[in-house]
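Here is a friendly walk through one protein model, written for someone who would rather be at the bench. Have the structure open beside you while you read.

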Amino acid sequence: MTETLYQNLNLFNGKDDGIKDHCWFLVDDQSGKIEKLGNGAAPKADHIVDLHGKYVMPGLINVHTHITFNQFTPTGDTDISQTRAVVRAIKNLRTLLKSGVTYIRSCGDIYNIDIVLSKLINAGELTKVPRIVPAGRPYSMTGGHGDMPNWGYLVDSCDEMRKAVRRGIKRGAKSIKVMATGGVMTEQDFMDDPQLSAAEMHTAVVEAHHKHLIVSAHAEGNPGIMNAIKAGVDSIEHGFYVNDQEIKLMLKHHIYLTPTLGGAWKINTYGDKTLPKWEMNKMHNAFSDLVKNLSNAWHQGVKFTLGTDAGCPYCFFWDTPLEFEIIAKKLHTSNFASLLMNLHSAQLTKLDDHYGTLEPGKYADFLVLDHDPLKDLKAVQQKDKQVYQHGKRQF
Ligand SMILES: [Zn+2]
Ligand SMILES: [Zn+2]
């Protein structure tokens, strides 16, 4: 058994406000876990890495990605072969990792490619990519938000949902994604179109929870957000029109919200250049409302997770770190509170026993930055940051 000592670093451990100066931690090279952590005199080790007073924080956990999508197209470009989708997914995973994302939860990928890749990653056959909590293909009503080529399972009753989710879990889904409303990216619907019924989504929740898996709902408007909450999902994705009544229930039932605000902001700011009018009209009409509604949910105490919708238009695979800054600026939060979204991502995905903070017993997934992220969230956006997974440097 050999050990590596990382020393001379300033630590943001992912859960406590403030930087601890002059820290060190010792990683077991075999397990990739942190064994000891402290400051002052460091213990002996087989290998020593001097981080020269740089800032260390936990690797990022992005809980809303579509690695098989093409971020440069208006609708994800899902009508492609499996081979192309695999190549695209691996390229996107590398970009995520380089930006600092060491774990993702996918929110629906064509051909279940996220499931296949996560199995390869867990077997050690695919490296230098983030680990994955895969959703496989999402669940949508016919003509709904997931009704795109090679993407959603189309289900139109509780029985169809039960069978489809059981099949998805059998194939290896570790998270279930349902479509509660229309969305920005689908021409045939709107954010306030309710889609899957509360009963259909509840069927998915029952099946997923039997296997201790989480369920996320794409839910942008009402009454779809309320339907998803009543169905018992674990996270509301987007939640653009979340209201006081829903916020109360989300707090009561510990339902997380993934705002994907950076992507919405980018589409709203830059989308006119390349996106079709029908898509831009939806975002322009909604943007100021969604900032107000998300701000209301945040300040009432709903736990927000870090997720970017990477793969959708203007939701770039390198932009996960930007989400912290956009949230802090638009929702008027502290830098620390914004960074806590990463911990909430670990909690939502039940990875928090092993990931999300830097403490003894946790995996050494961490970033090395030149500047203090608590002082300036732009520090996390550093392009040439160092990225480690299980104590091994990847970038
Ligand atoms: Zn969505
Ligand atoms: Zn999405």
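The report below goes from the overall fold to the sheet, the metal sites, the salt bridges and one covered helix.

**Overall fold**

Please keep in mind that this is a predicted model. The protein contains eleven helices and 16 strands. Its radius of gyration is 20 Å, which agrees with the value near 21 Å that a compact globule of 395 residues would have. Along the principal axes, the C-alpha atoms fill a box of roughly 60 × 40 × 40 Å.

Much of the chain is covered: of the 395 residues, 61% are buried. The accessible surface comes to about 15,400 Å², and carbon and sulfur atoms account for 51% of that area. Among contacts with a separation of 6 or more, 69% are between residues 24 or more positions apart.

**The open sheet**

Seven strands make up an open sheet with mixed pairing, and their order is 3-2-1-4-14-15-16. Strand 3 (34–39) and strand 16 (392–393) are at the edges; each has a single partner strand, so one side of each has no neighbour in the sheet. Further in, strand 1 (residues 3–11) and strand 4 run parallel and are joined by seven bridges. If you would like a landmark for that pairing, look for L5, whose bridge partner in strand 4 is I48. As a reminder, strands of a sheet pair through backbone hydrogen bonds, either parallel or antiparallel.

**Two zinc ions**

Now to the metals. How far apart are the zinc ion (ligand 1) and the zinc ion (ligand 2)? The distance between the two ions is 3.4 Å.

The zinc ion (ligand 1) is coordinated at 2.1 Å by H218 through ND1 and by H238 through NE2. These two residues link distant parts of the chain, with H218 in strand 11 (residues 214–219) and H238 in strand 12, 20 residues apart. Both H218 and H238 are buried.

For the zinc ion (ligand 2), the protein donors are H64 (NE2), H66 (NE2) and D309 (OD), which lie 2.1 Å from the ion. Their spacing in sequence is H-x1-H-x242-D. Are H64 and H66 buried or exposed? Both histidines are buried.

**Salt bridges**

How many salt bridges does a search of the whole structure find? The search finds ten. Three of the pairs are set out here.

| Pair | N to O distance |
|---|---|
| K54 and D370 | 2.6 Å |
| E237 and R105 | 2.9 Å |
| E325 and K378 | 2.6 Å |

Start with K54 and D370, whose side chains meet in a salt bridge. K54 belongs to strand 4 (residues 47–58), while D370 sits in the loop between strand 14 (366–369) and strand 15 (386–389), so the pair ties together parts 316 residues apart in sequence. K54 counts as partly exposed because its relative accessibility is 27%. D370 is likewise partly exposed, at 34% relative accessibility.

Next come E237 and R105, which also form a salt bridge. This pair links distant parts of the chain, from E237 in strand 12 (residues 235–238) to R105 in strand 6 (residues 101–106), 132 residues apart. Both E237 and R105 are buried.

The side chains of E325 and K378 meet in a salt bridge too. E325 is in helix 9 (residues 322–331) and K378 is in the loop between strand 14 and strand 15, so the pair ties together parts 53 residues apart in sequence. Here the two partners are covered to unlike degrees: E325 counts as buried at 9% relative accessibility, whereas K378 is partly exposed with a relative accessible area of 43%.

Beyond these pairs, K15, E359 and K362 are linked in a network of salt bridges.

**A covered helix**

Our last stop is helix 7 (residues 261–270), which is mostly covered. How many of its ten residues are buried? Eight of the ten are, namely L261, G262, G263, A264, W265, K266, I267 and N268. What do the buried residues of helix 7 pack against? Their packing partners are helix 8 (277–299) and helix 9. Helix 9 is familiar from the salt bridges, as it holds E325.

Key. Residues numbered from 1 in each chain as written. Chains lettered and ligands numbered in written order. Predicted model: local features only at pLDDT ≥ 70, side-chain atom pairs only at ≥ 80, totals over all residues. Heavy atoms only, no water. Donors = N, O, S within 2.8 Å, 3.2 Å for Na, K, Ca; no water. Buried < 20%, exposed > 50% of the residue type's maximum accessible area, 1.4 Å probe, protein only. Salt bridge = Lys/Arg side-chain N within 4 Å of Asp/Glu carboxyl O. Helix = DSSP H or I, 4+ residues; strand = E, 2+ residues; numbered from the N terminus. Contact = heavy atoms within 4.5 Å. Rg over C-alpha atoms; globule rule 2.2 N^0.38 Å. Areas by Shrake-Rupley, 256 points an atom, 1.4 Å probe, with all protein chains shown as cover. Pairing = 2+ DSSP bridges.
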